[in-house]
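Hello,

Here is the structure for you to look over. Please open it first, then read the notes below.

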Amino acid sequence: WTNLAVNFASNTRNVPCIGTLGSRESVLGRFEASIDYSVYFSSDFLVDALVAQEDFALEVTLEDALGNSYLLTFPRVRISTAETVAGGSGQDVVVSGQMVALVGAAPDIYSARIDRTVAVGGGPLPLAVNAAGAGPASEEVTITFSEGPATVAQVSADISLTADGGAPVDFNVPISEGDTAADVASAVAAAIDVDAGFVASAVGGTVTVTPEGATTNITAASAAIS
């Protein structure tokens, strides 16, 4: 494969009515799946399948940056276009076009199916965080995010800052699967910076926090990911 683009269309249609701003309701349509493809030419299979309108099954496995794998299963596809392109001497010949996914026979009564397998070990390390610099008279605290990107199980960056021995101020910043250390640091800095007692900025995966206004020192700081 040199290109594979799967297109899903729900064909939901809106129902406008007099006296209603916008649509009154939506009507479910027929689900359609198509595949734009490009493959290196090795045989006449795709062209012959187009001419004969022959159906065949197709399975494709993909893997993302987090180590999760996705199995795309099409029990019955039919070639709608197939063009063999020879760019010239010294260039690879490719066949490109579009396939249409059709509903398969029992027990595979569907046109497209996606099975996701979550990475377990061996993949990228989960997002990590630590806070440093807090003490009896700290005028600066650094919160450093590393590794990552965030896994599906990591949903919040939890920061606690205590100013001048007062009550801790907690910040719980939502994170999403795939967020990088820099993404999370930027979101955390923005959340902390809103508080009147602190000034925060982010550079890469590091957040720097300093006191502001009546706050003169940061006496305690902690950071975790949940």
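**A strand residue to start from: V129**

V129 sits in strand β9. This is a predicted model, so please read everything here in that light. Is V129 buried or exposed? V129 is buried, because its relative accessible area is 18% and the cut-off for buried is under 20%. Beyond four places in sequence, V129 touches I143, T144 and F145. V129 also touches A223, A224 and I225. For a distance across the model, take V129 and V47. They are 82 residues apart in sequence and 54 Å apart in space, C-alpha to C-alpha.

**The nonpolar cores**

The largest nonpolar core has 25 residues. Which residues have the most contacts inside this core? They are I143, F145, V188, I192, V207 and V209. Several elements give two or more residues to this core: the strands β9 (127-132), β10 (141-147), β11 (156-163), β12, β13 (198-203), β14 (206-211) and β15 (218-225), together with α2. The largest share comes from α2, with six residues.

V188 is worth selecting in your viewer. Not counting residues up to four places away in sequence, V188 touches F145, A157, I159, V173 and V207. Another core lies apart from the largest one. This other core has 16 residues, among them V39, L46, L58 and A101. In soluble globular proteins, nonpolar side chains tend to be buried together.

**S156 in β11**

S156 is found in strand β11. S156 counts as buried, at 12% relative accessibility. What does the side chain of S156 make a polar contact with? The partner is the side chain of D158, at 2.6 Å. Leaving aside neighbours within four places in sequence, S156 is in contact with N172, V173, P174 and I175. A224, I225 and S226 are contacts of S156 too. A224 and I225 also appear among the residues that V129 touches.

**D179 in a loop**

D179 is in the loop between β12 (168-174) and α2 (181-193). D179 is partly exposed, because its relative accessible area of 21% falls between the cut-offs of 20% and 50%. The D179 side chain reaches the backbone nitrogen of S176 at 2.9 Å. With neighbours within four places in sequence left aside, D179 is in contact with P149, A150 and V184. D179 and V152 are 27 residues apart in sequence. In space they are 10.0 Å apart, C-alpha to C-alpha.

**S34 and the second largest pocket**

S34 lies in strand β4 (residues 32-40). S34 counts as buried, at 16% relative accessibility. Outside its neighbours within four places in sequence, S34 is in contact with A5, V6, N7, Q98, M99 and V100.

V100 also belongs to the lining of the second largest pocket. How much space lies in that pocket? About 170 Å³. The lining consists of R30, F31, E32, A33, V100, A101, L102, V103 and S111. β4 and β7 (93-101) each supply at least two residues of this lining. By class, the lining has six nonpolar, one polar and two charged residues. A101 is in this lining and also in the core of 16 residues.

Best wishes

Conventions: Residues numbered from 1 in each chain as written. Predicted model: local features only at pLDDT ≥ 70, side-chain atom pairs only at ≥ 80, totals over all residues. Heavy atoms only, no water. Helix = DSSP H or I, 4+ residues; strand = E, 2+ residues; numbered from the N terminus. Buried < 20%, exposed > 50% of the residue type's maximum accessible area, 1.4 Å probe, protein only. Contact = heavy atoms within 4.5 Å. Polar contact = N/O pair within 3.5 Å; in protein donor to acceptor, adjacent residues only side chain to side chain. Core = buried A, V, L, I, M, F, W, Y, C linked by side-chain atoms within 4.5 Å. 1 Å grid on protein atoms, 1.4 Å probe; cavity = no way out; pocket = protein on both sides within 12 Å on 5 of 7 lines; lining within 4 Å. Points joined across faces, edges and corners; volume = space filled by probe spheres on them. Nonpolar A, V, L, I, M, F, W, Y, C, P; charged D, E, K, R; others polar.
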